[in-house]
Amino acid sequence: MTEVTEVKKAPYVIEWREGFKIGVVQVDQEHRHLFTLVRALNLESVDQTVEELLDYVVTHFSNEQDMMEKSGYPAFEQHLKLHEEFAGQVADFLGSGAEWTEDRVQELRRFLNKWLIGHIMTHDLRFGKWHASQMAQTAIVQRAAARPSGFFARLFGKKHSETA
Ligand SMILES: [Fe+2]
C-alpha cells in the first residue's frame, strides 16, 4: 500500500556561488545578478519580475556575445546558437498562455536555474578558460616587447655574478 502524504513544496531556490565563476569579471557579475533576478521571481508581481529578468538576459547575452566576437573566440557562433535556443525555449514556455500559478513560477525558476548552471559551467567556463589563455599570451608578448634585451641582460648578468 502506498502512503500518500501532502508535502508543501519549498520554493526552489539556488543561490549564486563562487564555484560558478568563469574568471571574467564582468560576466561573473552579470551571472550573479541573473541568479538574484531568478530568485526574485514571484507570483504576486510575476509580469514585472519576468519582464525585468528577460530584459537583463538580453543585456547579458549581448554583452557576452560582444566580448566573444571582439576577442575572436573560436566557438562564438556555436555559443550564439545556444543563447538563441534558450530564447526559443523561454518564448515557448511564456507563449503557452497558461495562467500563472505558484507551480508555474517554480517551474520557470527551476528551468532557468538549471539552464544557467549547465550553461555557465560548460560553455561560459570554456570561454573563461580560453580568455585566460589569451590574456596570458598577451602579457608575455607585452613583457617581451617592453624589454627586448632584458632576458639576455638578466641571464648574462646573473651568470657573471655567479662566477665572479
Ligand atoms: Fe553564455
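## Surface and overall make-up

The accessible surface of the protein comes to about 11100 Å², and carbon and sulfur atoms hold 57% of that area. The model is a predicted one, and the values below should be read with that in mind. Of the 164 residues of the protein, 32% count as buried.

The secondary structure consists of five helices and zero strands, so that, read from the N terminus on, the order of elements is α-α-α-α-α. Among the contacts in the protein with a separation of 6 or more, 68% are accounted for by residues 24 or more positions apart.

## Two buried positions

V27, found in helix α1, counts as buried, because its relative accessibility is 2%, a value under the 20% that marks the limit for this class. When residues up to four places away in sequence are not counted, V27 touches I22, H60, E64 and M67. For one of these partners, H60, the separation from V27 is 33 residues in sequence, whereas the C-alpha to C-alpha distance is 7.8 Å.

H83 lies in helix α3, which covers residues 76-95, and this histidine is likewise buried, with a relative accessible area of 2%. The residues that H83 touches, again not counting those up to four places away in sequence, are F61, E64, Q65, W115 and H119. E64 is thus named among the contacts of V27 and also among those of H83.

## Salt bridges

The structure holds three salt bridges. In one of them E15 pairs with R39, with the closest N and O atoms 2.6 Å apart. Because E15 lies in the segment before α1 (25-39) and R39 in helix α1 itself, this pair ties together parts that are 24 residues apart in sequence. E15 is partly exposed, with a relative accessible area of 42%, and R39 is also partly exposed, at 43%.

In another salt bridge, the side chains of K70 and D66 meet with an N to O distance of 3.0 Å. Since K70 and D66 are four residues apart in helix α2, about one helical turn separates them. K70 counts as exposed at 69% relative accessibility, while D66, at 36%, counts as partly exposed. A further salt bridge joins the side chains of K21 and E18, for which the N to O distance is 3.2 Å. Here K21 is classed as partly exposed at 40% relative accessibility, whereas E18, at 52%, is classed as exposed.

## A negative surface patch

D47, E51, E52 and D55 together form a negative surface patch. One of its members, E51, has its place in helix α2, which covers residues 46-70. With a relative accessible area of 52%, E51 is exposed, because the class begins over 50%.

Helix α2 therefore carries E51 of the patch as well as K70 and D66, the pair separated by about one helical turn. The side chains of K70 and D66 meet in a salt bridge, whereas E51 takes part in the patch with D47, E52 and D55.

Technical notes: Residues numbered from 1 in each chain as written. Predicted model: local features only at pLDDT ≥ 70, side-chain atom pairs only at ≥ 80, totals over all residues. Heavy atoms only, no water. Patch = residues over 30% accessible without salt bridge, like charges linked within 9 Å, V, L, I, M, F, W, Y side chains within 5 Å. Areas by Shrake-Rupley, 256 points an atom, 1.4 Å probe, with all protein chains shown as cover. Salt bridge = Lys/Arg side-chain N within 4 Å of Asp/Glu carboxyl O. Lys, Arg positive; Asp, Glu negative; His and termini not counted. Charge placed at Lys NZ, Arg CZ, Asp CG, Glu CD. Helix = DSSP H or I, 4+ residues; strand = E, 2+ residues; numbered from the N terminus. Buried < 20%, exposed > 50% of the residue type's maximum accessible area, 1.4 Å probe, protein only. Contact = heavy atoms within 4.5 Å.
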